[in-house]
Each structure stands twice: as C-alpha cells, then as structure tokens.
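Okay, thanks for making time, everyone. Let me put the model up and we'll walk through a few spots together.

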Amino acid sequence: MKNKRIAIIGAGPSGLAQIRAFESAKKQGKEIPEIVCFEKQANWGGMWNYTWRTGVGKFGEPIHGSMYKYLWSNGPKECLEFSDYSFDEHFKKPISSYPPRPVLFDYIQGRINKSNARDYIRFNTTLRWLTFNEETEKFTLFLDDLKNNKTYEEKFDYVVVATGHFSTPNMPFFEGIDDFPGAVMHAHDFRGADQFIDKDLLLIGSSYSAEDIGVQSYKHGAKSVTLSYRSNPIGLSWPEGIEERPLVTHFEGNTAFFKDGTSKRFDAVVMCTGYQHKFPFLPSYLRLKTENNLYPDHLYKGIFFQTQPKLIYLGMQDQYYTFNMFDTQAWLSRDYMMGEFELPSKEEQRKDIDLWLEKYSKVDDPKEDVDFQADYIKDLIQMTDYPEFNVDKVGEMFKQWLQDKEDNILTYRDKTFRSVVTGTMAAEHHTEWMDELDDSLERYLMKEEKTKETVLS
Ligand code: FAD
Ligand code: NA7
C-alpha cells in the first residue's frame, strides 16, 4: 500500500474529505498509501476560503473563489453536517441553522485541524496537465509551484479531481451589452452588495445565485432588483422592490428590453447564469463533459470515470447535499484505492449508470431532486463505513427549507432545525437575518446582551 501514490487535486471540502477518509482508515490501524494534495490557493477550504480578488490572483492564476461578503448558508447547516464531526463538537454550544460563510469555514477547518492534514497539502501549486501511460498504468502530473515559479513533474497511481465546478463562469452574450454604460459582471466576480446601494440592478438567471445576490442586494439597500429568467421564474412572492421578468432580448444604452415587450433602465447587470465544468489540466479523453445536473453521465457511482477509473471525480453533481455527500464519495473512492472495493465490469458499470440516468429522467421538481440525491447518498453509504446518518430526515429538512423559502424569502434563514447527528435543536440567532449586516465570526458568536451593547455604544 505504501508504494501506491495518490494525487488529490484541490483542498476544498471535497479534497479535504478525501484526506479525512484516508486519515480515518489510518486511525483504524490500516496502512494507507502516500497522499499528496495539490492546492493552487494559499489556503484550504475551496469556495469557503473567501478572496476579495477577482480576475487573477497574486501569481496570475484565474481566481477560483465565487463567494462574496455577507454570504449566509443558503440551506440549513443541519443538512451539511459531517456525521463524524458535529457542530456541537466544534462550537461547544448550539448555533443557528443558517450561519454566515466565516462560521462554516471555521467548522470545515475544525475537523481537518484534528489531523495532520496540512502535511499532505502542497499549497500555491497548480496542476497544469497530466498524462496516463497505459503500460506503466501511472499518471504523470505537470505541476507549477507558483511561489517559486518552478514547474516539475511527478508520477501517481490514482488521481482524485476535487476542483469544484462553480468557478468558471458561463457568460452569455446579449445584443447591445457591449455598449452598456454601467457595470457588467458575472456572479463569480460579485464580492458584495455595497456597490449597488440605491442602484437599479438587473440579474440574469433564475437559480441560487440570482436568488441570493438579489435578496442580498435588496437587504443592503439596492433601489430595485429585477431578475430575468430564461426557462422558468423562481416564482416566489417577492417583497416590493424585487420582481421577475422574462429573458432580456437586447440592450440599448442602459435600457434592457425583455421578451414580454417591457423595458427598464439599469445601473448594473450581474449574470447569474451558472458555471462550466472546466478541467484545463486534463486531455479531452479524460475530461468529464457535462452540464450542471444531479447525475453527470460517465461516472460510475457518481465518481469513477468510465474511460479510466483510476481517475476519480468528487463533488461533480449539482448539490442539495454538500459536505456529507462529498464525504460518502470520498469514503468509497478511498476503499477502491485501498483495494477494499472492487469495480464491476465496464458493462455492469454502464448498466448501473443507465439505471440512475433513467431514474433521474423522471425527476421533475425540487422535492423529487432531493429524494433522488438522498437515494444516491444512501447507495454510497451502504458500501462504506462512513458513519451512518439519517439521510431521509435530512431530505425532509430540505423540503421544509424549500417551503420556508416559498413562505417568505426574507425570513427563512431565521428558522431552526434539529441535528440528525447529535439531536441538538439549533439556537435562534441573536439578530434577525434581515437586520444582521455584519457576517463576521466574532459578531456571530457574541452573546445577545453583548450585541445590544455594541448597538448602543
Ligand atoms: P471547491 O470548494 O470549489 O474547491 C475546489 C478547490 O480546487 C479550490 O480550493 C481550488 O483552488 C482548487 N483547484 C482548482 N483547480 C486547481 C488546479 N488546477 N490545481 C490545484 N488546485 C486547484 N454549499 C453549501 O453547502 N451551502 C452554501 O450555502 C453554499 N453556497 C455557495 C455559494 C456560492 C456562491 C457558491 C459558488 C457555492 C456555494 N456552495 C454552497 C457550494 C460549494 O461549491 C460547496 O459547498 C463546496 O465548496 C464544493 O467543494 P469542492 O471541494 O467540490 O469545490
Ligand atoms: P445554476 O444553478 O447552474 O443556474 C444557472 C442559471 O442560469 C439558471 O437559471 C439558467 O437558466 C440560467 N442561464 C444559463 N444560461 C443562460 C442564458 N444563456 N441566458 C439566461 N439564463 C441562463 O447556477 P447558480 O450560479 O445559480 O448556482 C450555482 C451554485 O452557486 C449553487 O450551488 C449555489 O449554492 C451558488 P435555465 O433554468 O437553465 O433556463
């Protein structure tokens, strides 16, 4: 086992889950392979490692981060809780169900800090390219040590791609947009709504980014928010100041024209039009080519690449379940790499993928989406020793969350849920979400009396 070398690309929640899976086997006294994780950023956490930068970073690499200031969890934290490291264990007291980004970042770090995970990670290192030799059955990775401006190559037996898929913008063109006089950006480059105070804002898209950036901009004082949809409106009952219109047909100056014949003048446009699965470091025959969906084709059990199963993809699905799904995937991929889980024949793999794709083709609303992803996770869990958690109960919470958003998009983050890991009921946050403009960890963990003092002083 010691002679096997595993490369993990990316130290976001998925890559860290893979390290954690190996650490857990090591704790059980098993001999684990040599692991090297390559992370192009200076720290771990992936998306949760906030950066103020846009465009390129310090070393000229495309910026990975798409998260922004004032980002609060968009689903209950009880739905993403690690089943081997609870929120109670980390925070030592109940916290609310919808914490802001720095709090979840702290939680992610808490679990991984318990081990020597940092020793496995080479930060500021980008995977540029890789090849696979059919004879030696080894991958050669071409790596760029960004700090020292040095390239080098190394050989590995397995490669785990954990580079995420919400980083490379899908940026559509609309006639006249090139002459729009205000700011035009993609959600990937959005870093907070302060810039839109008193502005008329147009968001194109009708999914999570449009909803969340729209509501944040409203909360932080935008004059108006217009969401423009291509297929379906989000369809919530919006407060006055937020509205939905069909797709933009074109722009003339700072006026946008919509499919229903209406028009409106805007100060800024944010394209909330999703992301591309992008793997510039892989030759095309090893690349996963897919849209954002719950069951990308060509991945057995959602992770093993059919053309070459020694290439494993984590977290490539669209996500209701997040951290706990990445964990279950990482546990199964670990077992495969340690020779404890055998892949069936190519034909059997294809059959299994087709069954899942057929099941997925029948899914047609968000509640069924949740059930589908729950079934997928249950399928994985029963093949591994990942600590069981009540996946269906989490599914019920997701459905309640969908309902809460429909009831009131401005207050759903004030609701609380019960942990399936510890049974603990979440605490109510000291301040209602709409009134809370500070998303820092310090403010979040403050006692209620203290928050009043800070407001009065
Ligand atoms: P990422 O977090 O994207 O991490 C991938 C890592 O790979 C990064 O660190 C990157 O630097 C590294 N990398 C990429 N290319 C290379 C390379 N060539 N060489 C070396 N390293 C590389 N999920 C939730 O559960 N709740 C939320 O509230 C939530 N909000 C979100 C809000 C936004 C705006 C976005 C974009 C996503 C949100 N998500 C949320 C989903 C989020 O993507 C997941 O929670 C999680 O971060 C995915 O983990 P990952 O490790 O798969 O990918
Ligand atoms: P999603 O969920 O992939 O949604 C992309 C949206 O963009 C969706 O509404 C699409 O409409 C829309 N879209 C895509 N292309 C176009 C064009 N050409 N014109 C108009 N609209 C378009 O991405 P998000 O960024 O919202 O969410 C991704 C993650 O980031 C998520 O995990 C969040 O937590 C944060 P469609 O319905 O396909 O017509």
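So, to kick off: in what sense do strand 14 and strand 15 pair, and over how many bridges? This is a predicted model, by the way, so keep that in mind as we go. The answer is antiparallel, over three bridges, with strand 14 running through residues 255-258. If you want a pair to look at, find threonine 255 and you'll see arginine 265 of strand 15 opposite.

Zoom out a bit and those two strands belong to an open sheet of three, ordered 13-14-15, with antiparallel pairing. Strand 13 (248-252) and strand 15 (263-265) are the edges, each pairing on one side only. On average, neighbouring strands in this sheet are turned by 20° against each other, if you ignore direction.

Okay, over to the ligand. Ligand 1 has 32 residues around it, and the ones that come nearest are Gly10, Gly12, Gly46, Gly164 and Gly315. Helix 1 (13-27) and strand 4 (125-133) are the elements giving two or more residues to that shell, and helix 1 gives the most, with three. As for the make-up of the shell, we have 18 polar residues, twelve nonpolar and two charged.

Last stop is tyrosine 444, over in helix 9, residues 441-445. Buried or exposed? Tyrosine 444 counts as buried, because there are 22 C-beta neighbours inside 10 Å, and the cut-off for buried is 20 or more. Beyond its neighbours within four places in sequence, tyrosine 444 touches base with Pro99, Pro100 and Val103, all as contacts. Then there's proline 102: 342 residues away from tyrosine 444 in sequence, yet 9.3 Å away in space, C-alpha to C-alpha.

Notes. Residues numbered from 1 in each chain as written. Chains lettered and ligands numbered in written order. Predicted model: local features only at pLDDT ≥ 70, side-chain atom pairs only at ≥ 80, totals over all residues. Near = placed C-beta within 6 Å. Helix = DSSP H or I, 4+ residues; strand = E, 2+ residues; numbered from the N terminus. Nonpolar A, V, L, I, M, F, W, Y, C, P; charged D, E, K, R; others polar. Buried ≥ 20, exposed ≤ 12 C-beta atoms within 10 Å, placed from the backbone. Contact = placed C-beta atoms within 7 Å. Pairing = 2+ DSSP bridges. Axes fitted to C-alpha atoms, helices over the stretch in contact; angles between N-to-C directions.
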